[in-house]
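The following note sets out several points on the structure shown below. Please read each point with the coordinates open beside it.

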Amino acid sequence: MFKHLLVPVDGSDVSKKSLKKVAALAKSDKAAITLTYVSDPTPPMVYSDSTMGYGISQKDHQKVCAAFAADVFKKSITLLGAGIKVNTVHIANSDLSQGILDAAKKAKADVIVMASHKRTGIKGLLLGSEAHEVIVHATLPVLVLG
């Protein structure tokens with residue numbers, strides 16, 4: 001049915017668990033997968049792992065984001081298993097849902113397959129749902145895995 005799946009990954013447990021379903025879907029349709037990681041292009045004032053608190057340059061922030069994305073991609077590819085064609089796209093965008101949509105366009109995917117964090121109640125109200133935002137603004141099908 002689908003030949004090119006765009007799969008946003010973030011290294012979370014929810015994202016990792018969905019990769020088994022994504023692998024099964026890709027294998028059944030003999031589809032390629034493009035994994036995407038979206039990072040914020042603006043460096044934070046300080047990194048949380050710093051005990052002293054320090055600023056970081058734009059260039060250093062980009063290096064850190066690229067290294068983190070590469071690690072997430074490596075772990076995700078391992079979880080997908082062998083026999084699946086996998087590409088990766090790292091996007092810098094402060095709007096996560098727009099970053100996912102940009103990645104889908106860049107990768108020329110025919111469906112976006114994403115996990116939902118299932119935020120409800122106060123969390124859902126305050127944080128919103130990235131899956132919902134992607135669905136609302138997408139021009140291609142979006143498959144949300146629960």
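1. Helices α1 and α2 are oblique to each other, in what is a predicted model. The axes of α1, which covers residues 13-29, and α2, which covers residues 58-80, cross at roughly 55 degrees. Oblique is the term because this angle falls neither under 35 degrees, nor from 65 to 115, nor over 145. The two axes come within 8 Å, and α1 passes α2 in a right-handed crossing.

2. Which residues form the contact of α1 with α2? From α1 come K16, L19, V22, A23 and K27, and from α2 come S76, L79 and L80. By character, these residues divide into 5 nonpolar, 1 polar and 2 charged.

3. A second pair of helices, α3 and α5, is also described by an angle and a distance: α3 (residues 96-107) and α5 (residues 130-137) pack at about 50 degrees, with their axes 9 Å apart. The pair is therefore oblique. The crossing of α3 past α5 is right-handed.

4. In the contact of α3 with α5, the residues of α3 are L96, S97, I100 and L101, and they meet E130, E133, V134 and H137 of α5. This contact divides into 4 nonpolar, 2 polar and 2 charged residues.

5. Attention may now turn to L145, which lies in strand β5, residues 142-145. Is L145 buried or exposed? Its relative accessible area is 14%, and L145 counts as buried because the cut-off is under 20%. Setting aside residues up to four places away in sequence, L145 touches S18, K21, V22, V113, M114, A115 and S116. One of these, V22, is 123 residues away from L145 along the chain, yet the C-alpha atoms of the two are separated by 8.8 Å. The same residue V22 belongs to α1 and takes part in the contact with α2.

6. T34 is placed in strand β2, residues 32-39. With a relative accessibility of 2%, T34 is buried. Which residues does T34 contact, leaving aside neighbours within four places in sequence? They are H4, L5, L6, V7, N87, T88, V89 and A107. With H4 there is also a polar contact, in which the side chains of T34 and H4 are joined at 2.6 Å. Another partner of T34 is A107, and helix α3 covers residues 96-107.

Technical notes: Residues are numbered from 1 along each chain as its sequence is written. This is a predicted model: local features need pLDDT of at least 70, side-chain atom pairs count only at pLDDT 80 or more; totals for chains, interfaces and linings use all residues. Side-chain values use heavy atoms; hydrogens and water are left out. Axes are lines fitted to C-alpha atoms, for helices over the stretch in contact, and angles run from 0 to 180 degrees between N-to-C directions. Helices (H or I, at least four residues) and strands (E, at least two) are DSSP runs, numbered from the N terminus. A crossing is left-handed if the near helix is turned anticlockwise from the far one by less than a right angle, and right-handed if clockwise. Contact means heavy atoms within 4.5 Å. Ala, Val, Leu, Ile, Met, Phe, Trp, Tyr, Cys and Pro count as nonpolar, Asp, Glu, Lys and Arg as charged, and the others, Gly among them, as polar. Buried means under 20% relative accessible area, exposed over 50%, partly exposed in between (1.4 Å probe, protein chains only). A polar contact is a pair of N or O atoms within 3.5 Å; within protein, one must be able to donate a hydrogen and the other to accept it, and residues adjacent in sequence count only if both atoms are side-chain atoms.
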